[in-house]
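Here are a few short exercises to work through with the model open beside you. Try each task before reading its solution.

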Amino acid sequence: MVDLDSEVPPLPPRYRFRDLLLGDQGWQSDDRVQVEFYMNENTFKERLKLFFIKNQRSSLRIRLFNFSLKLLSCFLYIVRVLLDDPTQGLGCKELNRSCSTNQNYTPGTIDWSPIIWVNRSLPLWGLQVSVAVISLFETLLLSYLSYKGNIWEQILRIPFLLEIINAVPFIITIFWPVLRNLFIPVFLNCWLAKHALENMINDLHRAIQRTQSAMFNQVLILISTLLCLIFTCICGIQHLERAGNRLTLFDSLYFCIVTFSTVGFGDVTPKIWPSKLLVVIMICVALVVLPIQFEQLAYLWMERQKSGGNYSRYRAQTEKHVVLCVSSLKIDLLMDFLNEFYAHPRLQDYYVVILCPTEMDAQVRRVLQIPMWSQRVIYLQGSALKDQDLLRAKMDDAEACFILSSRCEVDRTAADHQTILRAWAVKDFAPNCPLYVQILKPENKFHIKFADHVVCEEEFKYAMLALNCICPATSTLITLLVHTSRGQECQQSPEQWQKMYGRCSGNEVYHINLEESTFFAEYEGKSFTYASFHAHKKFGVCLIGVRKEDNKNILLNPGPRYIMSSTDICFYINITKEENSAFKKQEKHRKKHESKLSYHGASRLPVHSIIASMGTVAIDLQDTGCRASSGATLALPPDGGKEGRRPSIAPVLEVADSSSLQTCDLLSDQSEDETTPSDDEVSAGLEYAKGYPPYSPYIGSSPTFCHLLHEKVPFCCLRLDKGCQHNYYEDAKAYGFKNKLIIVAAETAGNGLYNFIVPLRAYYRPKKELNPIVLLLDNPLDDLLRCGVTFAANMVVVDKESTMSAEEDYMADAKTIVNVQTLFRLFSSLSIITELTHPANMRFMQFRAKDCYSLALSKLEKKEREKGSNLAFMFRLPFAAGRVFSISMLDTLLYQSFVKDYMISITRLLLGLDTTPGSGFLCSMKITEEDLWIRTYARLYQKLCSSTGDIPIGVYRTESQKLATSESQISISVEEWEDTKDTKEQFSYRGNHRNSTSSDQSDHPLLRRKSMQWARRLSRRAPRHSGKTAEKINQQRMNLYRRSERQELAELVKNRMKHLGLSPAGYDEMNDHQNTLSYILINPSPDTRLELNDIVYLIRPDPLTYVPNAAPSRKDSFCNTVGQDTREETQL
C-alpha cells in the first residue's frame, strides 16, 4: 500500500513562509490545498472594470466625479463668456489676418471672426485644458473597459462623439498655441452632464439597495432635458449673435424663455441667419423630444395613480398612520372603516394607508377625491406579501395594521389562507406593529394567535344567532353597542319610538379608572351592585364590569360580593364617556327625588331566590326563602297594597351579607327539573350532567360549562328524517318534544356551529327550557314540514357561502331574501332570524310593496344617511326587531378595538364565546302583568340589584302591529274595530272616520294621524258623495284578497302535510305575528315607564362564584365525577 503522505508534493516556499509566520508547525503533514477564487479578475483590465463599473460604490464615486467635471466645464464656459469682449479680435492678430474690428454690421454681410475666435485668458485656458484632458482620459478608459469586440459601437455613441468634440480641440491647442483662442462648443458638455446624472442615479439606487423609482427618473430626465435645451439655445444664440446684436447671456435667456413659452414679444430677435437657423433647429428638437418625455411622464403618472405611489417617509416619522390590508376594496367596507375610525376625536390627525392588490374601483376613486378623505386616505396598489410594498406603506412606522378577509369569496377557507399569509408577512416585516386581524373560519384562528386582536366571523355570527333565540334582538343590541353614535338620530321625528330608539342607540361601552372617576369614586369599598345601582340612579350610567389592576380578565357583573377598589378599571354604558361630560348639581330635584324613593323593608339579599331560578331565561325575583321557582314575576311585597301607597323595594346593600349568600348551594336546584329526571326523560334516555365538552371542533375554542349527555348518541340517530335500529321516527313531531324547536337552515355543518349549540346548552339554563336544535342543510317545503317548522320557536337562516360571489355585489343575498320571503308568507307565526351579506338588503326582508309606513322609513333612512349617520339602517323594522343582521356590521368591532382594546373581550363575554371565572352572562326576563307594579326602569334596577344582583342594560319593547301596516289597512282595521264595537250604529264616511280616530286617540295617536292623512288623500281623489261606497268596495276587496291569499297558502301547506303523512293540526295560518313594531332601548333613563311584554336584558352574576369552596355540593361533585370518569362518553 502506497503511503499517501509521501505522494503529496511540498508546498511552494511562499506558503511555507506564511505558515511559519502563522505558527502552523504541522504544515508538512497537512493535506489541505490552497484554492483561489475569482481568478479571471486578477488581470489588470478586470480589476479596473471592477473598480470603475462593477463595484457599486466606486462606480458611483466615478460618475459623481464625471458629473462634477461636466458642470465645471459649463461653468468655465460661462466665465469665459462673461470675460470675453468680441471687439478685441485677439484671434485675428495672432494669425496675422487683416480684419477690422471697428467696422459696423451691415445687413447681408457676416463677420465670421467673432464666431470663430474668442478671447480666452491663459489661466482660463489652462483650467479648460486640464478638464478636457481628464475627461478624455476617463472616456477612453471607460470605452476600453466596455469594449466587447465592436469598436464602432463605442466610437459612434453620442456621448463619445460629444466628448471628442469638446476635449480634442483643447489638447490640440497645447501643441499648436496659435489656436488657443479658437471657439470650442464647451456648452455641449451639459448633455454629457445629463447622461452622467442618469447613470449616477442608477448607481445610487443600486448602492443603497432601493428600488428605482420610474416616476422620479422620468421627472429627472424631463427636467434635465428641458434645462439642457434651454442652456444650449442660450449659449448658441449668444455666441452666434457676437457677429450680430452682440447679446448678453441674460438677453439670450430672455429670448429663449419668451420663444419656448410661445409668447414671442419680438423685442429681442436674432439678426443673422446662423442664429435664426439655430432657433429653428432647437424648436424642432424641442417639438420632438419634449412631447415624448411628457407622454412618458403622463403614462407613469397614470400608472402611479393606479398603484398609489409611496407613503412619505418624512410624513411617516412626523405623523401617525394606520395601514388597511384587504384583498379587494369595496365602497361599503371603505366607508364603514372610515366613518368608524374617524368617529373618535383623537384619531382625526391619523392617516389611513390602504394596501390592496387590485386596481382602485371607480366608486372608491370618487370617494377618495372628496376633500374630507383625499387629505387623509392614501391608496397603494400592492401586496402585503412583498416587502417593497410594505416599505411603500411604511409598515414599520405604522401605529396599527388592519387585515380584513374577503367574505365575498366562494371558498372562505382560501380567503382565510390569504389573510394568514398577510398576517405572517406583516409580522415578519414589522414585528412591533400591532395587528388587528379578521378571520372567517374558526379552525384557522390558531394560526394568527400572535395578533393583538382577532375577530372570527363565524364565532360571533353563530353566537349572536343563538342568543337571538333566547334573548330577542341580541344581534341588534351588540351592533348598536359597537357602533359609534351620538344618539342624535331621528330626534326631530314625530314618532315617539324613533326618538327613544335613536337616543338610546348612542350608548356605548367606555372605561375609566375608579379613583379618577366622578361616576364611581365614591363607591370605593362598596359592593359592585351598590355602585352600579347608585351610579345609574345619580348619573344615568350603567356599570357593567370591572377589571383589577393586576389581572387582564374583565369581569362582567362580578356580583354583590365583589368589593370595588380604587385601582379597578370600571366599564360602563353611557351616551358619552365621562371625560366629555359636564356635571350640574340639582339639589332641589335631588331631594325631591330621594324622598320619592325612600327605602322600606329589611335590607337583606334574597339569595334563595337566585338558587331557585338559577340559569332561567324567565327570572323569578321573589323575595322569599329557599324554594322552587314558581314564575317569572317581580313579586309584590306583602305590604305593598296597604294604605294605597306605592310598594317599596329593599335597598341595595353596600356590602353583601355573606351569611345569607351561603345559605343555599347555587348549583343544587331544589326543583324537580334539576334533582330527578322526569319519566319522559328516563324513557328517552336523556340523562344530563353539567360539565365541559370533551371534544373541541377546532383549536382555540373556549371551554364552556354546559349540559351534556352521559352517553354519546349514535351517528345514525342524528338523522331526523330517517329511522334507524334505535328509533323509527321520521319527522320532528314523532319525537314528542316538549319544547319548541330551533331550526338552523345552513349550507353546511361547519365548525362554527359549535358556537351556536353551546350558548343554547349553557349550564345556567334549566333542562326544562332546553330547546331541541334541528340542522336543516336544505330547505324545500317537504323538509321544512318534516323538521317541525309548524311548531318551531325560531328559524335561523344562515347566509350561504355559495351565493356570496354574485356578478353584482348586492345580488349575493337574492336567494336568501326570496327564500325567507316565502317562509314569511307560508308560516306567518314563525319567528325568522336571517343573516345577510349586505346590510343595505335588509330593506327587502318581509317586504310589502304597498306598505306606506315602510316607505316612510326608507325616506327617513336616506335623510339620516345624508346627515352622516353611521347607523342609518337602524330604523328598518326587521333590524330594530332583531330579525335580520349582517356580519359586516361587526367589522366596526375590530375598528373600535384600536381605541377600545377591551371591546372584543366584552363582546365575547356577552355572547358567551368566552367564560371567565367570576364573570356574569347575558340573559333576559319578560315583564308580565304581575310585574307592572314596579312601574319604572329605576325601580326595576333597584329591585334586581337588591334581590338577585342582576344588572339590567336595556329593554326590548314591542308595540302594536298596526303601526307597520299600510295606511289603507290602518283605516280598514279601525273601521272593523268600530263595527265590532257597536254593530247597530250606522255612520256616514265622515262620522265613521271621526269615531274611529277619536275612540282610540289616547292609546294610538299615530294611528289616528295616519287615518286622517289617508282620509284626506282619499277625499282629494274621489268625489265626496261617493266616499262611503268606495270605502265599502275597497274594504271588501282588500278583505277578500287577503282572505283568499291566506286560504290558498294554508291549503297548500295543509295538503302537503297530509301528503307527507303529517297532521296539520299544529298549523295555524291565521296567527300573524309579523305586524309588530319592536325596538331596543339601551340603558334607558331611570324614569322610563315599563310596559307589558317588555323584555329586559340582564347581566346575571356567575352562579359558580357563590359556591363555598370548603363544602362542595353534591351536584358539583357529581359533575366533576362525570367530567373525569365519563369524559370519553359525554356528548353535547
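Buried means under 20% relative accessible area, exposed over 50%, and partly exposed in between (1.4 Å probe, protein chains only). The model is predicted, so local features need pLDDT of at least 70 and side-chain atom pairs pLDDT 80 or more, while totals for chains, interfaces and linings use all residues. Residues are numbered from 1 along each chain as its sequence is written, and side-chain values use heavy atoms, leaving out hydrogens and water.

**Exercise 1.** Classify Lys863 as buried or exposed, and find its helix.

Solution. Start with the relative accessibility: Lys863 has 53%, so this residue counts as exposed. Next, place Lys863 in helix H33, residues 852–866 (helices are DSSP runs of H or I, at least four residues; strands are runs of E, at least two).

**Exercise 2.** Work out the strand order of the open sheet of 4 strands, then name its edge strands.

Solution. Read the order as S7-S10-S8-S9, with antiparallel pairing. The edges are S7 (508–513) and S9 (555–556), each pairing on one side only. Pairing requires at least two DSSP bridges between two strands. Now look at S7 and S10 (residues 569–574): they are antiparallel over 6 bridges. One bridge to check is that of Glu508, whose partner in S10 is Asn574.

**Exercise 3.** Locate Glu579 and give its exposure class.

Solution. Follow the chain into the loop between S10 and helix H24 (587–596), where Glu579 lies. Then take its relative accessible area of 49%: Glu579 is therefore partly exposed.
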